[in-house]
Amino acid sequence: MRVLFAIAAVSMLAGCGSVYSLEYIARVVSHQDAGTEDFRWKNSVSIPASTAPHPLALDTSHDEQILRAIEAHLDGSTLTQFMTETSTQSLVVMRGGEIVFERYAHGFDHTSPQAVFSVSKSVLSLLVGRAVEMGAISLDAPITRYVPELAERDPRFDRITLAHLIDMRSGLRFQEEVSFPFINRDKPLVYYASDLRETVLTQARIETEPGPFLYNDYNPNLMALALERALGPARLAAMRNELWQELGAENAASWSSDSRGFPYWESGFVATPRDLAKVGQLMLDDGGSTLLSASWRDRILSYTPDEAPVRYDGGQWGYRGGWWLILRADNRHDVAAVGRFGQLIYVSPSYGIVFVRTGADAHPPGDGTFARLFYALAPALSAQTPPSVSE
């Protein structure tokens, strides 16, 4: 009976247009839940390596001391054991703009491309910030200024601004759970979409007034659609490439895309660990740069105590401008780009440290596992920490 129902559901949905195309249905049925190797079969848009790459300097003179500091926080495990148990493929520590520690496992190295899932939202944030600085978009503008057809479907979209979208406070509904019959659930609708533009235009539904936080994969894709409308597809693609060029990326990156070449902006970014560390390093530049202006960085980090924190994975977090904030008692918060299966760019501006962790989907840790580890390690590894403490 269950199989018959599934066949009937597939037959019915297949006749509902491009959102439930046979291609989309085949993806959901054959792949079901997401995996870290999905980027190998998905379509993608390429992002060339920089023509003037800036290789990161390596200083391994404190390698053993850093290893001991890390293992002191692993409840008796060695780092090798911990990386095996958590399916960790890369672990990179940057201090003072240099790599001071890195480890790779499971056949991966610093040139291995890694699918980083929702870290993509934080990379998109860099493009949004740049567009704001250019005056191409306004965060105070309603999404309907750029995507007017949303208002034709529901006039309440006029009350959702780009700021609501980038801060995950749009009021849009999103079903995180994935259950039978799978096909009509929000997560696969976005992740496996054949036509992602059409999906977000027709499937995003308003649940509440804008304001309350709800992590939502429709938000970044609507944000990107507004960018595309404001800039034009060619200019947005060029900005994506310019980001990687100006970052001095040593390796090419890519963005998984739907069948029409529209990137899965919420989850599709693929890059190597050292280049991901360069993205994190942008958060440590107090003066700002062309890639991350001081004003956009300040907006991300300007989470105040009177804002209700988000209970997430055993801790209290904030969220602003496509980045998570891990709250410290002195309000000098750490900031992180967080992706499924424990993909993480973790930055502590207070201590001048960048951590990158990537891994496979087998036996993944919770996001909080590495966030708690890096939260504790940041002061221990800080350049400001006396050698007698850190070493």
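Start by selecting α9, since this helix gives the largest share of the lining of the largest pocket, 3 residues. Keep in mind as you click around that this is a predicted model.

**Stop 1: the pocket**

With α9 (186-191) highlighted, add β11 (334-339): these are the elements that give two or more residues to the lining of the largest pocket. Now show the rest of the wall, 28 residues in total. To find the middle, select Ser-118, Glu-176, Lys-187, Asp-217 and Arg-340, which lie nearest the pocket's centre. The volume here is about 610 Å³. Colour the lining by residue class and you get 15 nonpolar, 6 polar and 7 charged residues.

**Stop 2: the sheet**

Stay with β11 and bring up the strands around it. What is the strand order of the open sheet? Reading across, it goes β2-β4-β3-β13-β12-β11-β10-β9-β8, which makes 9 strands with mixed pairing. Select β2 (57-58) and β8 (310-312) to see the edges, where each strand pairs on one side only.

Next, zoom in on β10 (residues 323-326). On one side, β10 runs antiparallel to β11, and 3 bridges join the two. Pick Ile-326 and look across to Asp-334, its bridge partner in β11. Then pick Trp-324, whose partner in β11 is Ala-336.

β9 also runs antiparallel to β10, with 4 bridges between them. Here Gly-318 stands opposite Leu-325 of β10. Follow the chain round the hairpin of β9 and β10, which has 2 residues between the strands, and stop at Gly-321: this glycine takes a positive phi near 60 degrees.

Before leaving β10, show its side chains. In a regular strand, side chains alternate between the two faces of the sheet. Are the side chains of β10 buried or exposed? Trp-323 and Leu-325 on one side, and Trp-324 and Ile-326 on the other, are all buried, so both faces of the strand are covered.

**Stop 3: aromatic rings**

Display the Phe, Tyr and Trp side chains; the structure holds 20 aromatic pairs. Begin with Phe-213 and Tyr-319, whose ring centres are 5.6 Å apart with planes at 50 degrees, so the pair is tilted. Phe-213 lies in the loop between α10 and α11, and Tyr-319 in strand β9 (residues 315-320), so the contact ties together parts 106 residues apart in sequence. Tyr-319 is buried, at 2% relative accessible area, whereas Phe-213 counts as partly exposed at 21%.

Now jump to Phe-355 and Phe-374. How are these two rings arranged? Their planes are at 5 degrees and their centres 4.4 Å apart, so this pair is stacked. Phe-355 sits in strand β13 (residues 353-359) and Phe-374 in helix α15 (residues 367-381), 19 residues apart. Both rings belong to buried residues.

One more selection before moving on: Trp-41, Phe-117, Tyr-191, Tyr-192 and Phe-341, which ring pairs link into a cluster.

**Stop 4: salt bridges**

Side chains of opposite charge can pair when their charged atoms come close. In this model the count comes to 17 salt bridges. Here are a few to click on.

- Glu-37 and Arg-40: their side chains meet at 2.5 Å, N to O. Glu-37 counts as partly exposed, at 40% relative accessibility.
- Arg-274 and Glu-102: the closest N and O atoms are 2.6 Å apart. This pair links distant parts of the chain, with Arg-274 in helix α13 (residues 273-281) and Glu-102 in strand β4 (residues 98-104), 172 residues apart. Arg-274 is buried at 12% relative accessible area, and Glu-102 is buried at 16%.
- Glu-228 and Arg-197: look for a closest N and O distance of 2.9 Å. The bridge connects helix α11 (residues 218-231), home of Glu-228, with helix α10 (residues 196-203), which holds Arg-197, 31 residues apart. Glu-228 is buried at 11%, while Arg-197 counts as partly exposed at 24%.

For the last selection, take Glu-250, Asp-275 and Lys-278, which salt bridges with shared partners join into one network.

Methods. Residues numbered from 1 in each chain as written. Predicted model: local features only at pLDDT ≥ 70, side-chain atom pairs only at ≥ 80, totals over all residues. Heavy atoms only, no water. 1 Å grid on protein atoms, 1.4 Å probe; cavity = no way out; pocket = protein on both sides within 12 Å on 5 of 7 lines; lining within 4 Å. Points joined across faces, edges and corners; volume = space filled by probe spheres on them. Nonpolar A, V, L, I, M, F, W, Y, C, P; charged D, E, K, R; others polar. Salt bridge = Lys/Arg side-chain N within 4 Å of Asp/Glu carboxyl O. Buried < 20%, exposed > 50% of the residue type's maximum accessible area, 1.4 Å probe, protein only. Pairing = 2+ DSSP bridges. Phe/Tyr/Trp six-rings, centres within 6.5 Å; stacked < 30°, edge-to-face > 60°.
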